Amino acid sequence: MAQSKAPSAIRRFAKANFSSSFLYPLKGIWYFATHRYLHPLLQSRLLPLTLLSTGILAILGITAYLPIVAFLALFHYSGSAWVNGTFFILGIGTLLTSMLFEALFADGTQVDIFDAVMVAEGYEHLVKERRPVADDIDESDPVKRIGSREKGATFAPFSFRQIIELLVLLPLNFVPFVGVPLFLLLTGYRAGPLLNWRYFQLKGFDKKRRNQYITTKGRRFEYMWFGTVYMVLQLIPVLSMLFLLTSAAGSALWSVHVEQQSAHATEEEGMLPEYSDDA
């Protein structure tokens, strides 16, 4: 009797749609806190990034927050104007920080964090495709093992399209009740794949292969939830810059999960019995 591969395909589809991808930005925070080899990368960037982010939010809060709340109060229910006004200001702060500082101060550090976690989790063969990884250095410190970044190394590419989309979506925060969740989901939908850009580099994906991978059934929504939680973390005052770095660790952990999932699926397919026609 012919053996069907349908059950295996159904299991993979179910795993894709009920994935815990939204947890990985949070797992990145815990991983960063519990692995001391990452802390030096944090110390060199956290203070300047935090001061810059705090300064931007302080200026926006002093100059724009109350006028925006007063405007929203004209057509909002009691109290909702304050909530929507807060998210609007935080969204503008995130936009300005992304435009002015992330690409200049944080991107290289995010690449180092991502690569170090991949090496620590046993995927140094992927990292070696893009940069040297020493074998004669203490394995307990992956940061010291990774060599210089290759030319063009990028954690998340600077995207004018993303900036424009963020500007277009910001007015959603004026809509009572549903505006803020919609803003987070739509920006997360766009941000998710960009946060896994370094993984695509390590895998050597070109544009066509990358788009095919992202749009695979179920995976687009996994990235959306990943990106939505990331966006929520980026709207937390003062700590947003810390989460900018810990999310690089979360992205690496998510990539490790994807690699393990792929290896498991390949193993399952290899164990399937061959077709036979039983008379």
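Helices here are DSSP runs of H or I, at least four residues in length, numbered from the N terminus. The model is predicted. By that definition, residues 179-194 make up helix α8, and L186 lies in it.

Start with L186. Its relative accessible area is 40%. Buried means under 20% and exposed means over 50%, so L186 counts as partly exposed. L186 also belongs to a nonpolar patch on the surface. The other members are Y77, V175, F177, V178 and L182. Together the six residues have about 600 Å² of accessible area.

Turn next to helix α10, residues 207-214. Here R210, Y213 and I214 are buried. Viewed down the axis of α10, the buried residues fall within an arc of 95°, so they line one face of the helix. The general geometry fits this picture. An α-helix has 3.6 residues a turn, so residues three or four places apart point the same way.

Now move to a loop. R131 sits between α5 (124-127) and α6 (142-145). Is R131 buried or exposed? Its relative accessibility is 4%, so R131 counts as buried.

What does the side chain of R131 make a polar contact with? One partner is the side chain of D112, at 3.0 Å. A polar atom of the R131 side chain also lies 2.5 Å from the backbone oxygen of G147. Both D112 and G147 appear among the residues that R131 touches, leaving aside those up to four places away in sequence. The rest of that list is V111, D115, I146, S148, R149, E150 and R198.

Conventions. Residues are numbered from 1 along each chain as its sequence is written. This is a predicted model: local features need pLDDT of at least 70, side-chain atom pairs count only at pLDDT 80 or more; totals for chains, interfaces and linings use all residues. Side-chain values use heavy atoms; hydrogens and water are left out. Patches are made of residues with over 30% relative accessible area and no salt bridge: like charges are joined within 9 Å, nonpolar side chains (Val, Leu, Ile, Met, Phe, Trp, Tyr) within 5 Å. Accessible areas come from the Shrake-Rupley method with a 1.4 Å probe; for residues, only the protein chains shown count as cover. A salt bridge is a side-chain nitrogen of Lys or Arg within 4 Å of a carboxyl oxygen of Asp or Glu. Helices (H or I, at least four residues) and strands (E, at least two) are DSSP runs, numbered from the N terminus. Buried means under 20% relative accessible area, exposed over 50%, partly exposed in between (1.4 Å probe, protein chains only). The arc is that of the directions from the helix axis to the C-beta atoms. A polar contact is a pair of N or O atoms within 3.5 Å; within protein, one must be able to donate a hydrogen and the other to accept it, and residues adjacent in sequence count only if both atoms are side-chain atoms. Contact means heavy atoms within 4.5 Å.
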